[in-house]
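Please open the structure in your viewer and keep the selection panel at hand. We will walk through it one stop at a time.

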Amino acid sequence: MENIKKNKNIYRTFAFWLITIVIAFIVLFPVVWLFAASFKPDKETFMVPPSFLPHEFTFDIYQRILEGGTAKPAPWILNFFNSLKIALVTTVLTTILSALAGYGFARYRFPYKFILLLIILVGQMLPGPALLVPIAVLIENIGLTNTHTGLILLYTAFAVPFTTWLAIGNFEAIPREIEESALVDGCNQFTAFIKVVLPLSRIGLITTAIFAFLMSWSEFPFALVLIQTDEQQTMPLAMARLIREFNVFFNEMGAVTMLFTIPIFLVFLFAQKYFIRGIAAGALKG
Amino acid sequence: MSKSSNMAVSAIHRRGFSSRRALYGYAWTLPAVLCVIFFIFYPVFESARLSMTDQSLLAMETKYVGLETYKDMLTSEEFQVAFKNSVIWLIFGTLGVFVCGFLIGFFLHLDFIGSRLLTALVLLPWVIPDFVAATAWKWLTVGEFGIVSFYLEKIGFPEPSLLASSTYVLPTLILLVIWRITPLMSILVRASLESVPPEYYEAAEVDGATAWQRFIYITIPTIRYPLVIGTLLTSLFVLREFAVVWVTTQGGPVNYSEILPTFIYRQGFMYFETGPAAASSMIYFFFILTFALLYLFSFRKVWKELL
């Protein structure tokens, strides 16, 4: 009897490990393949049969990228900081706008509130790529073509519906009594919001910020349409230009991707908890 | 602080629309709403206006043609192919994400050694940008240099360069999208499974329910709301994909992997046919909104109780 139970446990453990390995393999295979390529010398990317891990390990590609990359007018570092600037400003703007709107929707009743909420909801449904033509015209008309300001405004507008939705859920979870007592103690609604509500909802704010950062950091279609000069290009754009050339060095692509993914991994390492919570909150509270 | 003052403040909250409070409500919410109106809704209206014209940046004149452009688009073969592909994309992408996400999410929920690490790993395809994922997949299947296509050829697979094959290009890209968006669904399923109160299971166990019965009668009903909303979110993400196709095949070979977003981009920015591009966008929105409303309507029993 004791033996059967023990055997059953072994099978169970074995099955769990097997499933874990299969899932991890499927998830990791393409990513590791790309990253491994960044350590291969040029000739190895065109080797037959192809190698999965580098046979000959080298850092040359990274050096090449830091020196400017193959046939590339603007250095990668410039693209990197363009992207970083745009993503950070977008994050700040989005967080502020969606915190204000989320609080307003969670706490106030006013005429046509339903319509405003509907605008936010439908705004989340409309896919950006399908709006490229009129958006390009709009940005051209307000004179922001080929500027980072134009991209920042667009990214903010397209991030705000989702983050506002998250923020409403967050603020509704905070009991009204807490700020009501602050109001009685002589705060006005705004100072009560700053001093009492915001500190309580910081986890929600961090989630919002992470989403805004990730969305704008890797956005591609708008940048493709609006940015024209090499100096203004964001990372995704510069990377995509690299892919479309037929004789691209896949190892260079891998190395650039590594560089590009560093901030994402940093965000991910420090904030995995918020990340998971954010995804869950987005759908659980809807 | 006295109880009566607390009640007084609450009373203000409960009173209907006072004009001052209504103004405050607008002050808080309008900055975000106006931003959305200006950068998302205004372009939609602009699209609607453009779609009634035959505007082409290559022609000198633009004239109003009413619904003519819509008719042209709906009857053009290229549009029909892109539309059909988008429908296939939506159905199989969403179904695939739902099935894989549910299974993986359920597996992650079972507490075992390494489940936390696996949860972090599973998120990876969703965290990396879509075009990076696309690049990796593209190079996996590029002739004899790609590790997947190389071994596919070894085992005698007819068209090993999957993304260059008219038969396999769309299924491969759909698999790629499933691979990319499944993490969202798995995390969601795992999080909602965690929110099921354990007492429910304990009570059912006392009553002699089998594991399967507990799953059908407790787990599924309790997490059906996140499942319904999560699937809608998934489908909206699937419909938004553009870069995945654009950086791998640009809709090719010929137009076997053309979906509406790439079709619209091609019309607008490669052929400079802005009128037809706008009309296609409008048809696409109509398609998405109809789909979302039908979906929400058919699951109204699930989400209505939450209102």
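Which residues of α13(B) are buried? Select helix α13 of chain B, residues 260–270, to find out. Keep in mind as you go that this is a predicted model. The buried residues are Leu260(B), Pro261(B), Thr262(B), Phe263(B), Ile264(B), Tyr265(B), Arg266(B), Gln267(B) and Gly268(B). In other words, nine of the eleven residues of this helix are buried, and the helix is mostly covered.

Now show what lies around those buried residues. Their cover includes α6 (132–141) of chain A, as well as α4 (77–109), α12 (243–248) and α14 (274–298) of chain B. Before moving on, step just past the end of α13(B) and pick Phe272(B), where phi is positive, at about 60 degrees.

**Across to chain A: α6**

Since α6 of chain A is part of that cover, select this helix next. Its buried residues are Leu132(A), Val133(A), Pro134(A), Ile135(A) and Ile139(A). What do the buried residues of α6(A) pack against? In chain A, you will find α7 (148–172) and α11 (221–226). In chain B, the partners are α2, α13 and α14. Just after α6(A) comes Gly143(A), with a positive phi of about 70 degrees.

**The whole contact between the chains**

Zoom out and colour the contact between chains A and B. Chain A brings 81 residues to this contact and chain B brings 85. On the side of chain A that touches chain B, helix α13 of chain A (residues 250–284) gives the most, with twelve residues. Colour that side of chain A by class, and you get 62 nonpolar, 15 polar and four charged residues.

**α5(A) against α2(B)**

For a helix pair in detail, select helix α5 of chain A (residues 113–125) and helix α2 of chain B (residues 19–50). Their axes are 10 Å apart, and the helices pack at an angle of about 40 degrees. The pair is therefore oblique, and α5(A) passes α2(B) in a left-handed crossing. From α5(A), show Lys113(A), Leu116(A), Ile119(A), Ile120(A) and Gly123(A) as sticks. From α2(B), add Gly25(B), Thr29(B), Val33(B), Val36(B), Ile37(B), Ile40(B) and Phe41(B). Between them, the residues of this contact comprise eight nonpolar, three polar and one charged.

**α7(A) against α2(B)**

Keep α2(B) on screen and swap in α7(A). At what angle do α7(A) and α2(B) pack? The angle is about 125 degrees, with the axes 9 Å apart. These two helices are therefore oblique to each other, and their crossing is left-handed. On the α7(A) side, highlight Leu153(A), Leu154(A), Thr156(A), Ala157(A), Phe158(A), Val160(A), Pro161(A) and Thr164(A). On the α2(B) side, the contact is made by Ala32(B), Cys35(B), Val36(B), Phe39(B) and Ile40(B). By class, the contact of α7(A) with α2(B) has eleven nonpolar residues, two polar and no charged. While α2(B) is still selected, look for Val36(B) and Ile40(B), which belong to the contact with α7(A) and also to the contact with α5(A).

**Two loops worth a click**

Go to the loop between α4 (76–107) and α5 of chain A, and pick Tyr112(A). This residue is not a glycine, yet its phi is positive, at about 65 degrees. Is Tyr112(A) buried or exposed? Tyr112(A) counts as exposed because it has 12 C-beta neighbours inside 10 Å.

Then jump to chain B and pick Val254(B), in the loop between α12 and α13. Here too phi is positive in a residue that is not a glycine, at about 50 degrees. Val254(B) has 11 C-beta neighbours inside 10 Å and therefore counts as exposed.

**Last stop: the domains of chain A**

Colour chain A by domain: domain 1 covers 2–61 and domain 2 covers 65–284. Taken over C-alpha atoms, their centres are 33 Å apart. Eight residues of domain 1 and nine residues of domain 2 take part in the contact between them. On the domain 1 side, α1 (2–37) and α2 (42–45) of chain A each supply at least two residues, and α1(A) has the largest share, with three. By class, that side of domain 1 has four nonpolar, two polar and two charged residues.

Note on methods: Residues are numbered from 1 along each chain as its sequence is written. Chains are lettered from A and ligands numbered from 1 in the order in which they are written. This is a predicted model: local features need pLDDT of at least 70, side-chain atom pairs count only at pLDDT 80 or more; totals for chains, interfaces and linings use all residues. Two residues are in contact if their C-beta atoms, placed from the backbone, lie within 7 Å. Helices (H or I, at least four residues) and strands (E, at least two) are DSSP runs, numbered from the N terminus. Ala, Val, Leu, Ile, Met, Phe, Trp, Tyr, Cys and Pro count as nonpolar, Asp, Glu, Lys and Arg as charged, and the others, Gly among them, as polar. Axes are lines fitted to C-alpha atoms, for helices over the stretch in contact, and angles run from 0 to 180 degrees between N-to-C directions. Angles under 35 degrees count as roughly parallel, over 145 as roughly antiparallel, 65 to 115 as roughly perpendicular and the rest as oblique. A crossing is left-handed if the near helix is turned anticlockwise from the far one by less than a right angle, and right-handed if clockwise. Domain bounds come from an automatic or database domain assignment. A residue is buried if 20 or more other C-beta atoms lie within 10 Å of its own, exposed if 12 or fewer, and partly exposed in between; C-beta atoms are placed from the backbone.
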